[in-house]
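Me: Could you take a close look at one sheet in this model and at what surrounds it, and then set that part against the rest of the structure? I would like one connected account rather than a list.

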Amino acid sequence: MERKKSIIGNPTRSTSSTTSTIKGLQLFIADLRSCQQTQEQEKRIQTELVKIKQHFNSSSTKNTSHSHGSHHDKLGGYQRKKYIAKLAYVYITSNTTKLNDILFGLDQTVQLLSSTAFSEKFIGYMTLELLYEHRQVVEKVNEKVTYYLLQDLSESDDNFVALALHFVGTVALLPFNQFATNDEIISAIFQILRSPTSSHYLKKKSALSFLTLLKANPVILTDDMQRKQLWIQRIVSLLDDTSNYRLCLAALPLVEYIAKNIDSTYCIRLVPQLTEILYNCVVVGTSSSSSVANQFPMEYKFANIPNPWLITKTVSLLSFLIISQNETTNKQLQSHSGPNTLLYASNLNPEVLSKLRQCVTVAIELGMRTCNDPMEKIVQNTVLFSLINFASKLDPTDDAIKSSVNALCSLLSSPDINTRYLTLDSLLKLCSLSGEVAINSVRYNKNLGLIFNILKHERDSSIVRKCIDLLYTFTDSENVKLIVEELLNFVLHSRNLNDPHMKSDIAVKIAVLTEKYAMDSNWFVIISLKILSLTNNNAPFNDDGIWQRLCQIVVNNSHLHKLTCDQLVDYLYKNECSESIIKTSAFLLGEYCGKVQDKISIANLFNLFTDKYSMVSNVTKAMILTTMIKLYNFAPEIGSWVIKFFQLELNSLDIELQTRSYEYLKIIQISKMSESNGNANNNNNLINVLFSPMPPFITKSNPLLKRLGGNLQPSSSPSSSSHKASAGSTTLVESTTPMTTPGVTQRPPPPPASRTNSMVPKSQEEYYVEQTSTLSPNWREGFNRMISHKQGILFTSPLIKIIYRITAVKTEERIDYSRLRVELSYINETEWDITGLSSEIFPFKVQDNPEYIIQNVALPTPTKISMGHGERSRQSFEIVIRKPFDVDNCGPLLMVHFKCGGNGFNHVKLKLGVGITHTLIGNQDTGSMRHVIELPEFIQRWKMLSTALGKDGEFIFDSVPFKKDATVDMEEARMTIRQILKRLGFDIVEQNSVKNTIFVSGIIHTKSDGNFGCLMKVKYQDDGKINLTCKTTLGGPLAEYIVRCTKSAISR
Amino acid sequence: MTHLKYLLLVSRQGKIRLTKWYAPLSPKEKAKIIKNLVPLILSRKAKMCNILEYSDHKVAYRRYASLYFICGITPDVDNELLTLEIIHKYVETMDQYFGNVCELDIIYNFTKAYDILNEMIMCDGSLAETSKTVVLKDVRTMDSMVGTDDLNRVLS
């Protein structure tokens, strides 16, 4: 088959389709192509744009002045089409950057849709398809376009309808246009889909258009049960004619989407039909006997094989509808329709099952068949891949799996590179689905050698990656040595491996494999050190997981100490040793320097580390400093050198190194002093305590596995299938009690003193209570202000000022009053810079049905850069109020830390007055429910609550001191209190009958407990005291919480 | 199967000749794909395999003379080899329509190129029609309608 297409560089060459060409457009394109420079081209585009603009403008003015000319459309459809096509070309050739330059033609483009000429409509729809992703376009023309769309959908000419269907199908998934929620469009398209009189051509297109609408808005089918049942049945019946391959091809994706995302119950009945289609394609269609083969239309054959697209689509739907036993649990979790709506292979009709199995057998035969046409071979392989992946669903026998594996493995040596890639891919899937049988038959049939061979000679990194994943899947305790050696060789010697990521990936994989399957722990150590030593050669290895894991295991296994340390010393003697090795040495040799004394004296070891010191990063330097003092602790005779070394490092530019040296010098000094004081018992006491031997680590899981999790989905099976393998052998994981990592990822491992600092974890509540005892002075002022005002100052100090703002969160349809957004601004009040500003928000509870939840915390901005004088940093978070709570005792805490002017860290600890009253909204604020309460109604409700709940849900608080105690002016007090209550969100009942009392009402919103009404009487007395009485529609302490908040606001 | 994410036609010099996005991507994401993916593919050697993994999806591409046809596909849903065959089918169909198609045909008749593509792949990247004859028949029908339009224009 001829694949190379000739290029004939003659722009004016006429093509076979002269009828449809637009001459002006062709000339324009030819002009642009002949421009050598971009500037020239730009100029040409601009002049053309100006010309088009003029034409459009003049046509619109002439249209209005000579409305009764012989050509009432002055511009003419042909001209319009031509100009719009030019604009579309500009848009494409400028790679969408010229959008704004061509927008002026938008109205004229829409005008094209109204044309009765097909070609004009076509150009109109085509151009809009290109532009419809832009909001400004959609907003401007969507209404008109919708109108023309509906018109075209009901056209009698199929070609016009097809254009409209196509347009909807292309753009419905894009944002802004609302086609998928427009009922008229939806029903118009569905009408075409179901109507028995529609042509296949339109049915096919409408099925796909409908699929797009459904994807954009699945509610179309789930909203109305009756419609759902009716419509899905109609759609499913599209597949009833199993020999109409044309329609099947388009209907399959729609049915598949419904089965997967809407409801699979209706689709189960399709299994026999789908089997029929598959059988006709795979078995009948490929049969060599001419009499049967003729039944399959040549039209739908591709490279001598019946339509492979149809085959793969059918298989894909079937493999969703049929589930195998071992994936039941997974599916149950994923599928919302439950497991009983899907079919088990064992429940299949025996005839259907045997037909399906036959299909698999034929596909395998096809895959093995030799043929000369490369295209045919490719298609055969495609069919093979898709059916082999499907075969695992059909309760295959072990023999069936073996023959699948053999078929695949024979393709490993295929000359076609794509086939090799997909074979590896398919093997990976097969192994993870069919488990042990598949894995074993790949492993023991010389196939391993074949895979190694690919690894060695393949140049394409995607194939190499698959190879490595596959090898990773196969490894168990029996072949681990062989596979690890091969991988190691590959990393060390391969010339094809240039990708540093892949290199580190392989290294991690080797590390995991060795740890998991190693039978011999010495071998494990040797291999691990090999990995560590190679990582630095070409690519810096930026993750510390491997050496940290090694350290963990060595610490926990005392029989490894000696061997590892000996090996490390050898590595250190080499001129070029990697930084990971130095880190490992710094940690392990520091701990166990006593073990290598027969090999190297401590003094020499010290020298060795000083040599390396200059070559490594600061993080490693810090580790070496710790090693030095450990060496000193073990052999005090090297003291003078160690001290000298630390003294030199006092001048280090790095603050961490400086501090460490200083601290260690001091430690040595103190221990020497106590020695000279003759305090023999306490000799070196401090230093001994600080550098006591490392206790075993406790964490069980290997942190490296986490790294693999993401990029190794298909081969997740080793963990499951390897259980058997590892159960018999004493692997390292089981013999150790592994541990926390010795070093935190970025920062150098902390001086070991910290490890004696064992902290018993406290519960959240205990911690909360502890924190509230150390709040910053003056916190109460901001707290009360926060309760009474929606925005204001939370805290001021000579250093920093914090301003807050509380708003209810607006979701798309409505305001969610139970969700509060709190915005905080930090302002630097000093002359100096504030650096390292960070904050923590601390709720009362995080578990056990908490009253409120803090979420979406945006950290203060900017986090790293310092804030100059008067500069602000902002932070925001949301609080979801789930149920009533006492803001006084349980309000969230805010802790702010920052550095200013070199005084070290400053802390501000505040309680935030965000609570139940912030969800309080008056009756008339709730939009549609506008309602003003009059006094009689208030009293009536009050009585109703009294009869219903009695004293439950009521709370009285007498003699609240009003803030201005000097005020006696009742009128002024009344106004102030009214103001405060209004600000809290209450609705005030307007009345004049009771002079000294204010009646208020409101609604409290909570997320999980719902909304509650609340009524309150506020009585003010001559002595400036106020009595509060509150009733709520909910019993319990809610009324008390509201009164307390009101009190805080009033007596501020 | 076959839910293409996008189809790009790019010349050897990296010029975009045709784009069709089936997945709803933001303009920013699209620009990113064009910016990163195209040079990546242009730099691959002729003997390398035609499939590569790019960000969260796979890409299948094939070169015809000076034009690269690049298809973004959904892993595990699309079949890579068949995607290559779809590309080939598209090229074949255009070849038959234009008669020995070349890059220039596609540039000058980009509307037609879209038209043929639309007949084959629809909406969200599903395959609508695989038969070359049917596609060509449909396209020719449209051409004849255009012809009638032109005739009407002359007569009016």
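Reply: Two strands are taken to pair if DSSP finds at least two bridges between them. On that basis, and bearing in mind that this is a predicted model, chain B holds an open sheet of five strands in the order β2-β1-β5-β4-β3, with antiparallel pairing. The edges are formed by β2 (16–21) and β3 (51–54) of chain B, each of which has a single partner strand, so one side of each is left without a neighbour in the sheet. Averaged over the sheet and with direction ignored, neighbouring strands are turned by 20° against each other.

Within this sheet, strand β1 (residues 4–11) of chain B and strand β5 (residues 67–73) of chain B run antiparallel and are joined by seven bridges. One residue pair can be followed directly in the model, since B:Leu7 has B:Cys71 in β5(B) as its bridge partner. Helix α2 (residues 80–98) of chain B packs on the sheet, where it touches β3, β4 (57–64) and β5 of chain B, and its direction makes about 35° with that of β4(B).

Two loop residues of chain B deserve a careful look at their backbone. B:Ala65, in the loop between β4 and β5 of chain B, has a positive phi of about 50° although it is not a glycine. This residue has 16 other C-beta atoms within 10 Å and is therefore partly exposed, given that a residue counts as buried at 20 or more such neighbours and as exposed at 12 or fewer. B:Asn100, which is found in the loop between α2 and α3 (103–108) of chain B, likewise is not a glycine and has a positive phi, in this case of about 55°. With 14 C-beta neighbours inside 10 Å, B:Asn100 also counts as partly exposed.

Beyond the sheet, chain B meets chain A through 55 of its residues, which are in contact with 63 residues of chain A. On the side of chain A that touches chain B, the largest share, seven residues, comes from helix α10 (residues 200–216) of chain A. By class, that side of chain A comprises 28 nonpolar, 25 polar and 10 charged residues.

Chain A itself has 43 helices and 17 strands, and of its 1052 residues 40% count as buried. Among its contacts between residues at least 6 apart in sequence, 69% join residues at least 24 apart. For a view of helix packing in chain A, the axes of helix α31 (residues 618–634) and helix α32 (residues 639–649) of chain A come within 10 Å and cross at roughly 155°, which means that α31(A) is roughly antiparallel to α32(A). The crossing in which α31(A) passes α32(A) is left-handed. From α31(A), the contact is made by A:Leu625, A:Met628, A:Ile629 and A:Tyr632, and from α32(A) by A:Gly639, A:Val642, A:Phe645 and A:Glu649. Sorted by class, this contact of α31(A) with α32(A) has six nonpolar, one polar and one charged residues.

A last loop position in chain A is A:Gln178, placed between α8 (158–171) and α9 (183–194) of chain A. A:Gln178 is partly exposed, with 14 other C-beta atoms within 10 Å. Computed along the sequence, A:Gln178 and A:Glu143 are 35 residues apart, while in space their C-alpha atoms are 10.0 Å apart.

Key:
Residues numbered from 1 in each chain as written. Chains lettered and ligands numbered in written order. Predicted model: local features only at pLDDT ≥ 70, side-chain atom pairs only at ≥ 80, totals over all residues. Helix = DSSP H or I, 4+ residues; strand = E, 2+ residues; numbered from the N terminus. Contact = placed C-beta atoms within 7 Å. Axes fitted to C-alpha atoms, helices over the stretch in contact; angles between N-to-C directions. Parallel < 35°, antiparallel > 145°, perpendicular 65-115°, else oblique. Left-handed = near helix turned anticlockwise from the far one by under 90°. Nonpolar A, V, L, I, M, F, W, Y, C, P; charged D, E, K, R; others polar.
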